[in-house]
Amino acid sequence: MGKVYLVGAGPGDPGLITLRGAECLRRADVVLYDYLVNPRILKHARADAELSCLGKHGSTRLWTQHEINEAIVELAHAGRTVVRLKGGDPAVFARGAEEVETLVRHGIPFEIVPGITVALAAGSYCGIPITHRDLASAVALVTGQERHGKEASALDYESLARFPGTLVFYMGVTTVDEWTASLIAAGKDPATPAAIVRRCSWPDQRTIHCRLDEVAGRVAEERLRPPTIVLVGDVVNLGPAMSWFDKRPLFGRRVLVTRPDHQAEALASLLEEAGAETLVQPAIAIEPPDDWTEVDAALHRLGEFDWLVFSSANGVRYTLRRLADLGLDARALGGVRLATIGPGTTEALAEFHLRGDLQPNEYRAEALAEALAGDASGQRFLLARASRGREVLAETLRAAGGLVEQVVVYRSSDVTQPDEAICEQLDRGRIDWVTVTSSAIARATATMFGDSLRRTRLASISPITSETLEQLGFQVSCEATEYTMPGVVRAMVEAESQSDRH
């Protein structure tokens with residue numbers, strides 16, 4: 001017999017899943033998830049796990065609750081570990097009780113992992129505290145959509161109208177005319193402050209402030225669809241002053257990250273911290289070399305070199321992992337000094353408990369070459385590099401009298417088939433920024449998207465990358481002054497700030 005975990009994924013922000021929820025995903029053989037779950041949460045699942053979306057309104061058929069129950073039972077009887085991943089909390093308007101009843105009836109082991117329900121998230125992400133010592137001493141979570149086929153509503157609107165606190169209506173978009181009219185008819189002041197919150201904690205979160213008697217009209221006027229909740233009560237008036245989420249500098253901006261897949265997350269996280277919505281479409285792929293022979297020979301001769309020089313974090317990781325594959329460790333580096341091109345490369349060294357001996361103040365190959373060239377005469381340098389790139393480092397060191405040997409420790413190749421959905425968004429001008437963090441990425445991105453790149457703004461990591469883009473015929477909208485991922489984000493924030501001022 002397998003085991004089933006009913007896990008709350010939270011309201012949208014992938015960082016809001018609990019540690020226990022992420023741990024269950026790592027155990028799962030199968031994940032059955034609601035369409036409202038942020039797809040990035042699925043990254044916690046194993047690479048070989050089966051992932052099944054249970055349908056989406058308007059595009060694919062939604063699974064019925066009966067079908068979901070049957071699938072869970074069948075998978076558990078087959079000995080599979082199943083995560084039933086639900087938006088918000090499994091126990092709050094998520095039909096979790098029906099699934100638990102099914103598991104109990106079939107004697108299937110289960111665990112319920114709570115999640116952050118949207119009412120609680122709205123209190124934090126919209127600046128509306130759902131409780132307040134002066135304004136709201138209680139909270140009521142109310143469904144706006146009762147079970148189909150009920151003879152009469154189970155909601156006591158007269159009691160809700162007198163409720164001494166905050167009312168939060170879930171799933172109330174399609175029935176908004178009914179429940180707002182019933183609440184007002186039961187005595188609730190039509191002028192009671194209300195907030196309509198759509199896609200709470202997502203990068204495109206939207207909050208509309210109005211009166212209770214205006215809610216239905218605003219929902220229709222704005223054509224709002226789920227996921228949407230409505231908060232009703234005096235605490236709503238605190239929202240504009242206490243809100244922080246939509247005041248972040250890149251809020252409302254959609255940014256395409258073009259770094260290799262395994263490196264995209266670091267930049268995407270920084271952008272999301274600044275409020276942006278991120279999409280990822282790698283422009284290049286990073287892979288090990290086809291043949292390790294030359295690299296292995298050089299690593300076995302590390303004692304012959306004075307310097308081991310890294311011009312990228314990828315170079316560090318591929319070199320040092322290969323060193324371990326050969327049965328060697330940090331002791332093989334005991335007689336050689338380590339040079340890095342910038343802080344990202346230095347941080348990669350730190351992952352292997354190593355410290356660099358030299359890092360230039362300006363993070364580019366020319367500066368690294370200049371820093372090494374002063375004492376290069378007669379010194380032996382091993383450059384761990386990509387399969388393609390500029391020769392400035394090797395040429396400068398040789399000109400300064402250094403003895404230079406280069407080994408390709410990883411291959412860089414262009415991605416030629418971009419995601420069709422991203423191409424469509426770019427064509428329609430729905431992507432505000434594209435980040436370009438190397439000349440290789442600049443060329444590959446230009447090849448992938450062509451003239452569509454003229455419908456967005458380009459953020460460049462360095463003057464060299466900007467020069468490559470300009471040679472390709474594209475205008476750079478901002479350029480980092482510090483050639484790092486945080487530097488790129490800072491440049492974009494500054495560009496947005498200037499646009500606002502103008």
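In helix 12, which spans residues 343-351, the buried positions include T345, A348 and L349. Viewed down the axis of helix 12, the buried residues sit within an arc of 105 degrees, so they line one face of the helix. That fits the usual geometry: an α-helix has 3.6 residues a turn, so residues three or four places apart point the same way. As for what this face touches, the buried residues of helix 12 pack against strand 14 (307-310), helix 11 (313-325) and strand 15 (337-340). Just past the end of helix 12 comes a backbone detail, with H353 adopting a positive phi of about 60 degrees. All of this, like everything below, is read from a predicted model.

Next, the charged side chains. Side chains of opposite charge can pair when their charged atoms come close. Across the structure, the count of salt bridges comes to 38. One of them joins the side chains of D34 and R84, with an N to O distance of 3.0 Å. This pair ties together distant parts of the chain, since D34 belongs to the loop between strand 2 (30-33) and strand 3 (50-53) while R84 is in strand 4 (residues 81-86), 50 residues apart. And how accessible is R84, buried or exposed? R84 counts as buried because its relative accessibility is just 2%, well below the cut-off for that class, which is under 20%.

Another long-range case is E496 with R457, a salt bridge whose closest N and O atoms are 2.7 Å apart. Here too distant parts of the chain are linked: E496 is in helix 18 (residues 485-501) and R457 is in strand 19 (residues 457-460), 39 residues apart. The two ends of this bridge have their own accessibility classes: E496 is buried, with a relative accessible area of 3%, whereas R457 is partly exposed at 24%.

A further bridge brings together the side chains of E67 and R61, at 3.1 Å from N to O. In this pair E67 is partly exposed, having a relative accessible area of 28%, while R61 is exposed, with a value of 56%. Some salt bridges also share partners, and in this way K3, R20, E23, R27 and E111 are joined into one network.

Turning to the aromatic rings, a search of the whole structure turns up seven aromatic pairs. One of these is made by F169 and W179, and this pair is stacked, with 3.9 Å from centre to centre and 10 degrees between the planes. The pair connects distant parts of the chain, as F169 lies in strand 7 (residues 166-170) and W179 in helix 6 (residues 176-185), 10 residues apart. Both partners, F169 and W179, are buried. Elsewhere, Y125, W244, F245 and F251 come together as one aromatic cluster.

That leaves the nonpolar side chains at the surface. Which residues form a nonpolar patch there? The patch is made of F93, V139, L141 and M171, and together these have about 290 Å² of accessible area. Within this group, L141 is found in strand 6 (residues 139-143). L141 counts as partly exposed because its relative accessibility is 37%, a value that also clears the patch criterion of over 30%.

Terms used: Residues numbered from 1 in each chain as written. Predicted model: local features only at pLDDT ≥ 70, side-chain atom pairs only at ≥ 80, totals over all residues. Heavy atoms only, no water. Salt bridge = Lys/Arg side-chain N within 4 Å of Asp/Glu carboxyl O. Helix = DSSP H or I, 4+ residues; strand = E, 2+ residues; numbered from the N terminus. Buried < 20%, exposed > 50% of the residue type's maximum accessible area, 1.4 Å probe, protein only. Patch = residues over 30% accessible without salt bridge, like charges linked within 9 Å, V, L, I, M, F, W, Y side chains within 5 Å. Areas by Shrake-Rupley, 256 points an atom, 1.4 Å probe, with all protein chains shown as cover. Arc of directions from axis to C-beta. Contact = heavy atoms within 4.5 Å. Phe/Tyr/Trp six-rings, centres within 6.5 Å; stacked < 30°, edge-to-face > 60°.
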